[in-house]
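Had a look through this one, as you asked. A few notes are below, for when you have the coordinates open.

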Amino acid sequence: MAVTQRRGRRIMMSPAELDAFLGEQRTCRVATVSPDGMPHVSALWFAWDGTSLWLYSITRSRRWSELRRDPRIAVVVDAGEEYGELRGVELSGTAVFVGEAPRTGEPCPELDVPERLFARKNFGLDSMPHDGRHAWLRLTPEAVASWDFRKLGGF
């Protein structure tokens, strides 16, 4: 994962801070490219395994069809209300489709960890419920930019 920040290194999250932040947050904003080149942004729950961001998307969504056509993706996860509390991360790269689509729970060892993380974080369950409408996307970021304005101290 390449850190793409040249400016703002003072407020950049450390790897440990980034892992903790992505582990605790629940909602991200996913940007895809429409056929006419316009960006499309939608909110989605996610899981972070320390290396990749896992997105559980409805397979009949605009987001899914756009990623099938063009897998370039950017995701923002952010938090904070007041200026001095703002923190977040932008991850970008190529989405990879993992497992069957839609997901019905067929054995897929690559999904064992993300499904356990996602189920615990979002549903308070030990195993992933499958509804036959969603499937998995993996983003192993090619570029990462982060910020934590709390590091500015008393702004």
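These points cover one strand with its partners, then one glycine.

1. Before anything else, bear in mind that this is a predicted model. Everything below should be taken in that light.

2. Start with β2, residues 27–33, whose side chains alternate. C28, V30 and T32 share one face and are buried, while T27, R29, A31 and V33 point to the other face and are not buried. That fits the general picture, since side chains in a regular strand alternate between the two faces of the sheet.

3. How many bridges join β2 to β3? There are 7, and the two strands run antiparallel, with β3 spanning residues 39–48. If you want a register check, T32 sits opposite H40 in β3.

4. The β2–β3 pair is a hairpin with 5 residues between the strands. Have a look at G37 in the turn: its phi is positive, about 90 degrees.

5. β2 also pairs with β5 (residues 72–79), again antiparallel, through 3 bridges. Here V30 stands opposite V75 in β5. V30 is also one of the buried residues of β2.

6. Now for G132, which lies in the loop that links α3 (112–123) to β7 (134–139). Buried or exposed, or partly exposed? G132 counts as partly exposed, because its relative accessibility is 32%, and that class lies between the 20% and 50% cut-offs.

7. Leaving aside residues up to four places away in sequence, G132 touches P102 and R103. A101 and G132 are 31 residues apart in sequence, with a C-alpha to C-alpha distance of 8.0 Å.

Technical notes:
Residues numbered from 1 in each chain as written. Predicted model: local features only at pLDDT ≥ 70, side-chain atom pairs only at ≥ 80, totals over all residues. Heavy atoms only, no water. Helix = DSSP H or I, 4+ residues; strand = E, 2+ residues; numbered from the N terminus. Buried < 20%, exposed > 50% of the residue type's maximum accessible area, 1.4 Å probe, protein only. Contact = heavy atoms within 4.5 Å. Pairing = 2+ DSSP bridges.
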